[in-house]
Amino acid sequence: MITTEKPARGIWLGTRDAVPLLLFVLALWLATLTLWVPAYWPVALFEISTFLLTAVTLVLGRVPARGTYLPLFALGFVVLWGCFQLITGFTIDRFATERATLQWMTWLAVYYLGVSTLKDKSVANLLRTSIVWFGFAVALEAILQAYLSPGKVFGLFPTGYRDFVMGPIVYHTHFAALIETILPIALFLALREAAESYTFLVISAVFLTALVVSASRGGLLIGFAEVVGVLLLSHVQKAKVGRRIWFAALALAGATGVLTLIVGFETASARFSSGALTAGRLQFALSTLHMIAARPWIGWGLGSWPAVYPAYATIDPGAIVNQAHCDWLQWMAEGGLPVGLAMLSLALWGVRPAIRSIWGIGVIAVLIHASFDYPFSRPAVGAWPILMLSMAAIQQTENPPATGA
């Protein structure tokens, strides 16, 4: 009786304490499933929900775990910097800076929720598993949608686009960022000595196949690099997984190969063979560097890159350019070197918990992807790696080396 009641009571208490975070995850899922909606209401609903749940957490007296503070300082600094730009008038697009500041505030709230409420290991394991299943559902639907109803979300809602619409996500880089965040968790679970490990191995193969279908070159390369990273880190940190690593690697390669043969590799192959890998991106980067040089310390205002770019443009792509295709350069152009240094400190700090957890290396993957694309341009998309960073950070404080799911 004692051995069965205590764990159940512990799970209940841990779940009760993590209710704000669990409700936030539901809000994040809804925000992800409505990314295709061009209206602002899904973004507003997600941000308001995040702020309200964070307020509840503060009222309940939940505080961040020790050793998790630096990302709070980094993200908090960016929020205060945006407020400073608004107060002093150091922004050329006040409305854009207001919106961007709210976005950064949302990510700050996400991280605070994670490190303040997710202190029960059983709840953390349950949450990661549920996230994998959510990602699997989105990836599977995206694959089917790409072939059965291209450009129509859930086969029902036209987006105005035909190519690279993956499930509810219109831009394939954003889809790749979601998969990059979740794939290491699925593969980590597949390496456990459990009956469901084979299920997670198949899910990992579906994730990789979805990246192939998305034709995101960066996402595909990073996804396979994540597989290698998880296998290597598991070999180094977990002595019991020896032969399972080789079996998992062969099984994953076989399953992914079969699925890729079914869906085809033509679109992704054409993308790699085209000469457009750096077309435009290099010019955008050079223009952004000139923007940074013009205002290196104060920046042009968070969110103001699209308004400033025309004055520094060196090419005319024949379309509106709304992103620098490099979040790191865009952060420095909009917020100056202080914002760039704040995010660099967050990234460097996050390497240790990400590697120790193994499943958290998706955070590193998305930050690397941000060096040649813009996965942090949407609040919901950027919230995924921030959430994973908080989960990896809090596990590091309680369980330094990764010893289980």
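Gly-89 takes a positive phi of about 85°, and you'll find that residue just after helix H4. Bear in mind as you look around that this is a predicted model.

Step back from Gly-89 into H4 itself, which covers residues 70-88. Its 19 residues reach 26 Å from the first C-alpha to the last, close to the 27 Å expected at 1.5 Å a residue. Plenty of H4 is tucked away from the surface: the buried residues include Pro-71, Leu-72, Leu-75, Val-78, Val-79, Trp-81 and Leu-86. Gly-76, Gly-82 and Gln-85 are buried too. It helps to remember that an α-helix has 3.6 residues a turn, so residues three or four places apart point the same way.

Now move along to a pair of helices, H6 (residues 121-148) and H7 (residues 172-190). How do you describe such a pair? Two packed helices are described by the angle between their axes and the distance between the axes. Here the axes come within 9 Å and cross at roughly 130°, which makes H6 oblique to H7. The crossing of H6 past H7 is left-handed.

Which residues meet there? On the H6 side, look for Arg-128, Thr-129, Ile-131, Val-132, Gly-135, Val-138, Ala-139 and Ala-142. Facing them from H7 are Phe-175, Leu-178, Ile-179, Ile-182, Ile-185, Ala-186 and Leu-189. Sorted by class, this contact has 12 nonpolar, two polar and one charged residues.

Finally, zoom out. The protein has 16 helices and two strands, and 54% of its 405 residues count as buried. Among contacts with a separation of 6 or more, 79% come from residues 24 or more positions apart.

Note on methods. Residues are numbered from 1 along each chain as its sequence is written. This is a predicted model: local features need pLDDT of at least 70, side-chain atom pairs count only at pLDDT 80 or more; totals for chains, interfaces and linings use all residues. Side-chain values use heavy atoms; hydrogens and water are left out. Helices (H or I, at least four residues) and strands (E, at least two) are DSSP runs, numbered from the N terminus. The expected span of a helix is 1.5 Å times one less than its number of residues. Buried means under 20% relative accessible area, exposed over 50%, partly exposed in between (1.4 Å probe, protein chains only). Axes are lines fitted to C-alpha atoms, for helices over the stretch in contact, and angles run from 0 to 180 degrees between N-to-C directions. Angles under 35 degrees count as roughly parallel, over 145 as roughly antiparallel, 65 to 115 as roughly perpendicular and the rest as oblique. A crossing is left-handed if the near helix is turned anticlockwise from the far one by less than a right angle, and right-handed if clockwise. Contact means heavy atoms within 4.5 Å. Ala, Val, Leu, Ile, Met, Phe, Trp, Tyr, Cys and Pro count as nonpolar, Asp, Glu, Lys and Arg as charged, and the others, Gly among them, as polar.
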